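Student: Could you take me through one part of this structure closely? I would like to see how the inside is put together and what surrounds it.

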Amino acid sequence: MSNTSHEPQPQALHEAASDVPQLLTLQQTAEQLQISRATLYRLIRKEGLPVQHLGRAVRVWPPALSAWLQQRQQHQAPCQSPPPCISRGKRRAPRQRPPASPHGWENQDPRGM
């Protein structure tokens, strides 16, 4: 009995799979860039790192990643020295207490009671 179903043969599946670009998971991308997944998510959200959404899955196409990295490198100013280029986010000034009232009213009820 011959196979009359419309299912592709294994050879055809292998040939079709070779045409599909190899996409990276976010974990693989983070490992290749040697960054945390949190940093990778920030790069996607705020700096436009290109991703492909496949249903709920998110993948990165390596040629698009390479192009994005090259574009970033061209638009960044060269570092004069390594420490100023390394940013750990905005640093907040230490919180200061407001000066005490010279009249000693800071502990009184503002309604005058």
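Tutor: Happy to! Let's begin with the largest nonpolar core, which has 10 residues: Leu24, Leu26, Ala30, Leu40, Leu43, Leu49, Val58, Val60, Leu65 and Trp68. The elements that each give two or more residues to this core are α2 (26–33), α3 (37–47), β3 (57–60) and α4 (62–75). Keep in mind that this is a predicted model. As general background, nonpolar side chains tend to be buried together in soluble globular proteins.

To place those elements, look along the whole chain. It has five helices and three strands, and from the N terminus on they follow the order α-β-α-α-β-β-α-α. Buried residues make up 10% of the 113 residues in the chain. The accessible surface of the chain is about 10700 Å², and carbon and sulfur atoms account for 52% of that surface. Now consider the contacts between residues at least 6 apart in sequence: 43% of them join residues at least 24 apart.

Next, zoom in on α2. Its buried residues are Leu26, Thr29 and Ala30. Viewed down the helix axis, the buried residues of α2 fall within an arc of 100°, so they line one face of the helix. The face turned away from that buried side carries the exposed residues Glu31 and Gln32. What do the buried residues of α2 pack against? Their packing partners are β1, α3, β3 and α4. Leucine 26 lets you follow this residue by residue: leaving aside neighbours within four places in sequence, leucine 26 is in contact with Leu40, Tyr41, Ile44, Val58 and Val60. After α2 comes glutamine 34, whose phi is positive, near 60°.

Val58 and Val60 lead us over to β3. The side chains alternate along this strand: Val58 and Val60 point to one face and are buried, while Ala57 and Arg59 point to the other face and are not buried. β3 also belongs to an open sheet of three strands, ordered β1-β3-β2 with antiparallel pairing. In that sheet β1 (24–25) and β2 stand at the edges, each with a single partner strand, so one side of each is left without a neighbour in the sheet. In general, the strands of a sheet pair through backbone hydrogen bonds, either parallel or antiparallel.

Take the two pairings in turn. β1 and β3 pair in the antiparallel sense over two bridges. Leucine 24 has valine 60 in β3 as its bridge partner, and both of these residues are also members of the nonpolar core. On the other side, β2 and β3 pair in the antiparallel sense over three bridges. Here leucine 54 stands opposite alanine 57 in β3. β2 and β3 form a hairpin with two residues between them, and glycine 55 in the turn has a positive phi of about 65°.

While we are at β2, pause at glutamine 52. This residue lies in strand β2 (residues 52–54) and is partly exposed, with a relative accessible area of 41%. Not counting residues up to four places away in sequence, glutamine 52 touches Ala57, Val58 and Arg59. Its C-alpha atom is separated by 9.8 Å from that of leucine 24, and the two residues are 28 residues apart along the chain.

Finally, let's return to the helices α3 and α4 and look at charged side chains. How many salt bridges does a search of the whole structure find? The search finds two. In one of them, arginine 42 pairs with glutamate 47, and the closest N and O atoms are 3.0 Å apart. Glutamate 47 also meets arginine 72 in a salt bridge, at 2.1 Å from N to O. Glutamate 47 lies in helix α3 and arginine 72 in helix α4, so this pair ties together parts that are 25 residues apart in sequence. Through shared partners, the salt bridges join Arg42, Glu47 and Arg72 into one network. Are these side chains hidden or open to the surroundings? Arginine 42 counts as partly exposed at 34% relative accessibility, glutamate 47 is partly exposed at 32%, and arginine 72 is partly exposed at 26%.

Key. Residues are numbered from 1 along each chain as its sequence is written. This is a predicted model: local features need pLDDT of at least 70, side-chain atom pairs count only at pLDDT 80 or more; totals for chains, interfaces and linings use all residues. Side-chain values use heavy atoms; hydrogens and water are left out. A nonpolar core is a set of buried Ala, Val, Leu, Ile, Met, Phe, Trp, Tyr and Cys residues joined through side-chain atoms within 4.5 Å. Buried means under 20% relative accessible area, exposed over 50%, partly exposed in between (1.4 Å probe, protein chains only). Helices (H or I, at least four residues) and strands (E, at least two) are DSSP runs, numbered from the N terminus. Contact means heavy atoms within 4.5 Å. A salt bridge is a side-chain nitrogen of Lys or Arg within 4 Å of a carboxyl oxygen of Asp or Glu. Two strands pair if DSSP finds at least two bridges between them. Accessible areas come from the Shrake-Rupley method with a 1.4 Å probe; for residues, only the protein chains shown count as cover. The arc is that of the directions from the helix axis to the C-beta atoms.
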